[in-house]
Structures are given as structure tokens and as C-alpha cells.
Amino acid sequence: ELYYWDFGRDKPLQVTQDLISDNDYSNSELREFVKYTLAYDCKINVDGDRLFYPDKNNDEKDYNDGYSLYYRNPNKEKSEPVKVDSEVTSYDIDPDGKNVYYIKDKSLYVYNVKEELKDKLASDVTGFALSDDGSRILFANKDNDLYIKVEDNDKEKLTGEVGNIYF
């Protein structure tokens, strides 16, 4: 399970309920995925009132298909988690935690937390990087074309035939 502990608390807050079942725990590949992917892929906004975290996908899915992404207020023990989407393979948040950028099925999406709406930004995406202030997103597609999207403007192609792209 995943826990969040603000050192001002007496005890940690349990975030997930069934991250990995006892039956699944015998699968060493699954244990490694949870240990090195899910456990290190939690993010919190600068105000500390939104904790984003991956959780186990439904039992019919393979972990290679991604995970379900949730957020909640870690300052309120009784706050209910809100599901952003499922089959997420990578994500990042802007500093305020108002927008979540993520890849699902090789498409790049942005999820507006306040409106609980998602918008598809691009298809066939291989990776992306978000600027520190969250105002710009850089992403590449399967053809190794590199794009930038600045706030509410349309995406702009920066270059094509990029040999290697590391995010």
C-alpha cells in the first residue's frame, strides 16, 4: 500500500486500499513494478492540498497497460479519491495541481482538476516534458517530430526527424 506522511501528523495517511493483493504479491515482476514505478510516481502540488498517485488497475488488465491515476486532499483524512483516468503510462502535474498531463494509449491528454474534464492534445506521443512553471509542454510523436504547446495556444512543430529524444 501507499502511505502519505506529513511530519506534522501523528500517523501516516493510507492512500491506497488494494494496491497489490496477496495473490498478486507472489508475482516478482508485479512486485518490481509496484516498487519502482508506482511507489515513486506520487506527486503533490505546491500548496500541499492535492496528492496525485497511481493505483492498481482492474484485475483484468496487465500492469504494462498502465495504471489508474487518482488525486485527493492529503490534509483531510476522510477525503475521497478522485479518479483522473485509467491505463495511464506516465504523467506530470503543473505546480498548482490544477492540470494533469498524461499519456494513455499513446495519446497525450490534459485533465483540468477543477472542471473534471480531459482534453486530448496529441496522438502517437512517445514522451513529454512539462516546464517547471507548467506553462509549456514539449512532446514528441512516433515520427520523431518535436512539438511545443504554450498555455492555451495551438501546438507548434519545432523540428522533425529527431534522432533521439530523452525525457
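Phenylalanine 128 stands opposite phenylalanine 139 in strand 11, and that pair is a friendly place to start. The model is predicted, so local features need pLDDT of at least 70 and side-chain atom pairs count only at pLDDT 80 or more, while totals for chains, interfaces and linings use all residues. Residues are numbered from 1 along each chain as its sequence is written, and side-chain values use heavy atoms, with hydrogens and water left out.

**The open sheet**
- Strands (DSSP runs of E, at least two residues, numbered from the N terminus) 10-11-12-13, in that order, form an open sheet of 4 with antiparallel pairing.
- Strand 10 (125-130) and strand 13 (156-159) stand at the edges with a single partner strand each, so one side of each has no neighbour in the sheet.
- From one strand to the next, the twist averages 25°, with axes being lines fitted to C-alpha atoms and angles running from 0 to 180 degrees between N-to-C directions.
- Strand 10 is joined to strand 11 (residues 136-141) by 5 bridges, and the two run antiparallel; pairing requires that DSSP finds at least two bridges between two strands.

**Strand 4 and its partners**
- Strand 4 (residues 51-55) is largely enclosed by the rest of the structure, because 5 of its 5 residues are buried (under 20% relative accessible area, 1.4 Å probe, protein chains only).
- Leu51, Tyr53 and Asp55 point one way from strand 4, and Phe52 and Pro54 point the other way.
- Strand 3 (residues 43-44) runs antiparallel to strand 4, joined by 2 bridges, and lysine 43 has phenylalanine 52 as its bridge partner.
- Their hairpin has 6 residues between the strands, and there glycine 48 takes a positive phi near 75°.
- Strand 5 (residues 67-72) pairs with strand 4 in the antiparallel sense over 5 bridges, and its tyrosine 71 is the bridge partner of phenylalanine 52.

Conventions. Buried < 20%, exposed > 50% of the residue type's maximum accessible area, 1.4 Å probe, protein only.
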